[in-house]
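Thanks for making the time this morning. I would like to go through one model with you, starting with the overall fold and then turning to a helix and a sheet.

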Amino acid sequence: MRTRLKTALLGTGFVGRVHLENLRRIGQVDVTALGTADPDQAHKLAAEFGIGRVETDYRRILEDREIDAVHICTPNSFHAAIASDALLAGKHVLCEKPLATSAEAARQLVALAAEKKLRNCTCHNLRFYPLVQQMRRMRESGELGEILVVQGTYSQDWLFLDTDWNWRLDSKENGPSRTMADIGSHWCDMAEHVTGLRITSLCADLQTFHKMRKQPKSPIETFAGKLLTAEDYHEVPIDTEDFGAMVFRMGDRTRGGFTASQVSAGRKNRLNLEVYGSKAGVAWDGERPNELWIGKRNAPNQTLLKDPSLLEPQARCYADLPGGHAEGYADTFKQVFRRFYQSIEDPGAEPEYPQFADGLRQLTVVESELESSRTHAWVEVPKS
Ligand SMILES: NC(=O)c1ccc[n+]([C@@H]2O[C@H](COP(=O)([O-])OP(=O)(O)OC[C@H]3O[C@@H](n4cnc5c(N)ncnc54)[C@H](O)[C@@H]3O)[C@@H](O)[C@H]2O)c1
């Protein structure tokens, strides 16, 4: 009989619920406490999921010696302090992206986790779609050849109107980059993971279309802004980007281009990654995650439908359902959590999930993008 691990969820909003639901889908973990800044929201969640404890001060939860790990699902500005306190309290930490609001804060967390010898994960979950792993394994087995071109976009429209609002629009809660840190970091993590290459230099151009936005007079839930009316707002200046574009180099020969947008009408959550090698190309779209386009110069192109029996052997363990049964966004969290808790159970195991070092890596890229856009110049991305 396996010992059950105990965990706590800190932050009970949009992604907190996604974490809770997917923690329920893996065998060896019980969620025993919720930490929140919104007790009404948390008590509803606790009642629904049969969780006996809600705290408005996460430090009370960290004092509980029975709790092995915490999930940090709060707004970005709280991540570094909570992660640091959790590591100092001896907890393994799974933190949402971006890991912190600066690369320096993330660097300190990487060092602290290493010093305390505790498991640490940054939730770049999107790399765990089965067909994203298929792209990675096709590259590793040499099917794509030398990687020449990497391109794509991450486009959304939920902040399209100047009346759309979320804490992400307040740089004090969000950090200095919005679109590039919030969704661009997922794309860059995926591009580096699939290609096995690093973005070594970049030239970025960021734009804030809505320099003023209408903030609701009372707090609203993430993605719920469409329900408000005109008299519920006041005007505030915005200092983070709605859109970012960059061209980049991955070493001497590989070249790429990428855009990220939160104001592209009709694009709900389109993460598109295309990787072109000297033998073949692959393209994947997060709005159709169970299909992979495979492109050939001298043969018909193919569309691979997700089916574990047709995936590269190393990619099969990321697909839990047979062909024809779709796997999506929620499943990527399950795949991360399963590997994170397995690594807690087996202290000798290699961590097979994105760690704090990967969160630091993406904040280093984000800071390079901010610098490049500010100076109108190419920037060498530090190795981090
Ligand atoms: N990996 C992904 O796919 C993904 C998707 C969405 C959000 N996220 C990340 O998750 C985080 C949360 O985003 P969200 O959309 O769920 O936000 P949200 O506003 O829906 O939820 C935030 C929650 O944090 C709570 N909170 C605020 N301060 C707190 C504190 N000091 N202690 C405890 N709880 C506190 C709030 O009460 C709320 O429950 C962000 O960092 C975001 O980047 C990741």
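What percentage of the 384 residues in the protein do buried residues make up? The figure is 47%, and I should say at once that this comes from a predicted model. The secondary structure comes to 10 helices and 17 strands, and because the radius of gyration is 21 Å, close to the 21 Å that the globule rule gives for 384 residues, the protein is as compact as a globular protein of that length. Taken along the principal axes, the C-alpha atoms fill a box of roughly 60 × 60 × 40 Å. Of the contacts with a separation of 6 or more, 72% are between residues 24 or more positions apart.

Let me turn to helix 4, which spans residues 79-88 and whose buried residues are His79, Ala80, Ile82, Ala83, Ala86 and Leu87. These residues cover an arc of only 165° around the axis, which puts them on the same side of helix 4. Their cover includes strand 1, strand 4 and strand 5, together with helix 3 and helix 5. After helix 4 comes Gly90, which has a positive phi, near 85°.

Now to strand 7, residues 147-155, which pairs in the antiparallel sense with strand 13, residues 270-277, over 8 bridges, with Ser155 standing opposite Arg270 of strand 13. Strand 7 is also joined by 7 bridges to strand 12, residues 254-261, and these two run parallel; here Tyr154 has Ala260 in strand 12 as its bridge partner.

Terms used
Residues numbered from 1 in each chain as written. Predicted model: local features only at pLDDT ≥ 70, side-chain atom pairs only at ≥ 80, totals over all residues. Buried ≥ 20, exposed ≤ 12 C-beta atoms within 10 Å, placed from the backbone. Helix = DSSP H or I, 4+ residues; strand = E, 2+ residues; numbered from the N terminus. Arc of directions from axis to C-beta. Contact = placed C-beta atoms within 7 Å. Pairing = 2+ DSSP bridges. Rg over C-alpha atoms; globule rule 2.2 N^0.38 Å.
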